[in-house]
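User: Hi! Could you walk me through this model? I have a few quick questions.
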Amino acid sequence: MTTDSPWLAQGEAKRQAILDAIPAKWRLADPVPPATEVRDVTGSYIQQYLSEREIEITESDAVHIAAQTTTGRWSAVEVAEAFCHRAALAHQLVNCLHEIFFDAAIEDAKKLDAYYAEHKAPMGPLHGLPVSLKDQFHVKGVETTMGYVGWIGTFQGKKDDTRFRTEESELARELRNLGAVLYCKTSVPATLMAGETINNIIGYTWNPKNRLLSSGGSSGGEGALIALRGSPVGFGTDIGGSVRIPAGFNYLYGLRPSSGRMPYQGAANSMDGQSTILSVIGPLAPTARSLTLLFKTVLSQKPWFHDPLVLELPWRDAVAEETRLRIDQAKAGKSSLTFGIMHWDGITRVHPPIARGLRIVEQTLKRLGHRVIPWNPPSHATAGTLGSTAFSMDGGADLAHHFGLSGESKASQVIITDKEPLSMTELAALNVAKREYQKQYMDYWNSTAEVTGTGSPVDGLFCPLAPHAAVIPNEYHYVGYTSFVNVLDYTSVAMPVTFADKSIDVRSAYVSTAESADHIEWNYDADTYHGAPVGVQFVGRRLQEEKMLTLAEYIGDEISKTAETM
């Protein structure tokens, strides 16, 4: 440590404070073995520190937990303590937490149990369900650093501002109204603009399934915590892939809704005020039905009365029911669904595990009798240019300001670079170009009605989430597979498919006389990637969350069956 870098000491002190917030009874007695010795700390590895009852509780999904806690079969305190314990272990294994407030969570759980004892009814549909939050959301009495050393002891970098003691984000308020228990906030890359999670407070957040790799970003702490079942469900944010990437990297489901459906009011952010491409809030969970539960219940709080940017658009049961009817008709052979598939975008080639994951998806859809058509949309290079221009419109000034509060260094993974800010004329031109691209993509999607055989456009698009599975640190160089969705403001669900396998993901498994593999990048490290989760992206049109979540649950269950046979 040097005398001219006090931020190092500040970051170290905060890092230690997070560890000190873990009760002594939950601290690991021995150092965690290096990743070269123990890659995978999920499953039996983390279970060794837990009781059978804790394992039963924490390895249930959110829907099952809520069914127990809202009927009094499980107490809120027992469930909260189990997840607090497992979250504490998860942080010690992979560095995934920024804030720990277990004591407050247990007190909240006691109040929920008292309420149930008195009223013989739950406080709400999420009564007693623990929910984790990305460290953008303000929780009363809890600090928000968002990975910036300069935010420690402040309110979003403002000194002598005590609002962190009283202010709460709209989402947090609504979750409490629903009966959820808030207990921790998860790690992010400083700036939020990175596909890996790293900052000068907690360091690097590793992938629980393969600790040689990244948990993704920017909601990387959420992805890692939920992968270790230290949380049954949590919320992240997504401006270029920040919910979907960690979901895919951690074998989870993750929803990127269109803007205007989830309340962002009162959350911290980078580049606040940039509205060309809006960041949105979405849930992550091990099951698709858990995403539906959280999305649907938050909407029941009518967030449009509390956030001026939320659309007055409640959960549409009719859309979900219509989708289920079409699924049932397809199962009965009376009709079929139609999907586009894009194996690569013509810009960045994919690694063999990603190519195999998409093949599993395609085979699943065809096995179910659905029509699959190749996807040849307007150039995704245009979307990439629009996205990168929007993210850098202030020339990096906002990021420089927040790093400058402490003088800390910027991680190399941050995708924003210093450049000249856009003029008002250039900003207007950017917004026009974005609108024109959205129209071109809309027209292309509509045109697929001519080839689906149903008279209607495709029901959804499957494509990569990234060129690679959970990535080697410092090797995430291309976000175009996710950011095009943000440019279009489409609905997208990350879906787990399989795991990288060094014995399968080799050239001979793909290349034949009948198949070209020009889109596959063979120069990849099969040994290092071995065991990494492989996810895909399922894209729908704007504001189609009910339809996409319903389809994701149906198709996801079928994908897992296909993956077991390949």
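User: To start, which domains does the domain assignment give?
Analyst: Happy to help! The assignment gives domain 1 (6-305) and domain 2 (317-507 + 521-564); such bounds come from an automatic or database domain assignment. Bear in mind that this is a predicted model, where local features need pLDDT of at least 70, side-chain atom pairs count only at pLDDT 80 or more, and totals for chains, interfaces and linings use all residues. Residues are numbered from 1 along each chain as its sequence is written, and side-chain values use heavy atoms, with hydrogens and water left out.

User: Thanks. How many residues of domain 1 are in contact with domain 2?
Analyst: 57 residues of domain 1 are in contact with 72 residues of domain 2, where contact means heavy atoms within 4.5 Å. The C-alpha centres of the two domains lie 24 Å apart.

User: And what area is buried between them?
Analyst: About 5100 Å², with carbon and sulfur atoms giving 62% of that. Buried area here is the accessible area (1.4 Å probe) that two parts lose on being put together, summed over both. On the domain 1 side, Arg244, Tyr251 and Thr276 lose the most area to domain 2, together 14% of what that side buries.

User: How many salt bridges cross that interface?
Analyst: The rule finds four across it, counting a side-chain nitrogen of Lys or Arg within 4 Å of a carboxyl oxygen of Asp or Glu. Arg261 and Glu546 pair this way, at 3.0 Å from N to O, and both belong to a salt-bridge network with Arg316 and Glu545.

User: What about polar contacts between the domains?
Analyst: There are 35 residue pairs in polar contact, both residues at pLDDT 80 or more. A polar contact is a pair of N or O atoms within 3.5 Å; within protein, one must be able to donate a hydrogen and the other to accept it, and residues adjacent in sequence count only if both atoms are side-chain atoms.

User: Which helix gives the most to the domain 1 side?
Analyst: That's H10, with six residues. Helices (H or I, at least four residues) and strands (E, at least two) are DSSP runs, numbered from the N terminus.

User: Let's move to salt bridges in the whole structure. How many are there?
Analyst: The search finds 29. One of them joins Lys296 and Asp317 at 3.4 Å, N to O. Lys296 is in helix H10 and Asp317 in helix H11 (residues 317-331), so the pair ties together parts 21 residues apart in sequence.

User: Is Lys296 buried or exposed?
Analyst: In between: Lys296 is partly exposed, at 36% relative accessible area. The scheme calls a residue buried under 20%, exposed over 50% and partly exposed in between (1.4 Å probe, protein chains only). Asp317 is also partly exposed, at 42%.

User: What does Arg326 pair with?
Analyst: Arg326 forms a salt bridge with Asp459, the closest N and O atoms being 2.6 Å apart. Arg326 lies in helix H11 and Asp459 in the loop between helix H16 (449-452) and strand S13 (460-464), so this pair links parts 133 residues apart in sequence. Asp459 is buried at 4% relative accessibility, while Arg326 is partly exposed at 27%.

User: Changing topic: where is Val536, and what is around it?
Analyst: Val536 sits in strand S15 (residues 533-540) and is buried, at 0% relative accessibility. Leaving aside neighbours within four places in sequence, its contacts include Leu358, Phe462 and Met495.

User: Last one: which backbone oxygen does the Thr58 side chain reach?
Analyst: The one of Glu54, at 2.7 Å. Thr58 is in helix H3 (residues 52-58) and is buried, with a relative accessible area of 0%.
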